[in-house]
Amino acid sequence: MRDTLVLNASFEPLSTVTLNRAVVLVLQAKAVVEQAHPDLRVRAAAVELPVPRVIRLCRYVRVPFRRQAPWSRRGVLIRDQHRCAYCGRRATTVDHVVPRSRGGADSWLNTVASCADDNHRKADRTPEQAGMPLLHTPFVPSPAEAMLLSLRSAERSDLPLWLGAVQPAA
């Protein structure tokens, strides 16, 4: 269904989990439901509870500081809102700005979401060589931004719009 936001005991966001995992944490008394879907409920033989949107852990979990969100293809697509960096249509692939064959890395600053047609048309060239300027500049999301972007893609409503995922090219 949808991902559920997990808050630490101190109300700081930690991660997202599947609905099944969130229900298990609540049933094991390891978490409490902070916000639930108003009309949806999970029912079993002996238990009924609201479908959680946000849960809070009962015990504080110490998390090591992380400066940067880990790179992933899914993360790039979410960061760029599934929009092609070359034409703005729906993106289904990830393109390397500097191709891997030319030393380009799998990194936030070297990858953008792309439609299959533009990815194939750009091929083994840089955007300048292919005559395909980027509509927006790739950026490195903070771990908190990456989590919010992930939640935003799973559930388009109820999340802040101030989190401009795509930054215009300079």
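**View 1. Thr 93 and Ser 114 are bridge partners, Ser 114 lying in strand β6.** This is a predicted model, in which local features need pLDDT of at least 70, side-chain atom pairs count only at pLDDT 80 or more, and totals for chains, interfaces and linings use all residues. Residues are numbered from 1 along each chain as its sequence is written, and side-chain values use heavy atoms, with hydrogens and water left out. Strand β5 (residues 93-96) pairs with β6 in the antiparallel sense over 4 bridges. Two strands pair if DSSP finds at least two bridges between them. Strands (E, at least two residues) and helices (H or I, at least four) are DSSP runs, numbered from the N terminus.

**View 2. Strand β6 (residues 111-114) is covered on both faces.** In a regular strand the side chains alternate between the two faces of the sheet. Thr 111 and Ala 113 are buried on one side. Val 112 and Ser 114 are buried on the other. Buried means under 20% relative accessible area (1.4 Å probe, protein chains only).

**View 3. Lys 122 is buried in helix α3 (residues 116-122).** Its relative accessible area is 0%. The side chains of Lys 122 and Asp 95 share a polar contact of 3.2 Å (a pair of N or O atoms within 3.5 Å; within protein, one must be able to donate a hydrogen and the other to accept it, and residues adjacent in sequence count only if both atoms are side-chain atoms). A polar atom of the Lys 122 side chain also lies 2.8 Å from the backbone oxygen of Arg 125.

**View 4. Arg 79 places its charged end over the ring of Phe 139.** The distance to the ring centre is 5.6 Å. Such a charge (NZ of Lys or CZ of Arg) must be within 6 Å of the ring centre and within 35 degrees of the ring normal.

Note on methods:
Buried means under 20% relative accessible area, exposed over 50%, partly exposed in between (1.4 Å probe, protein chains only).
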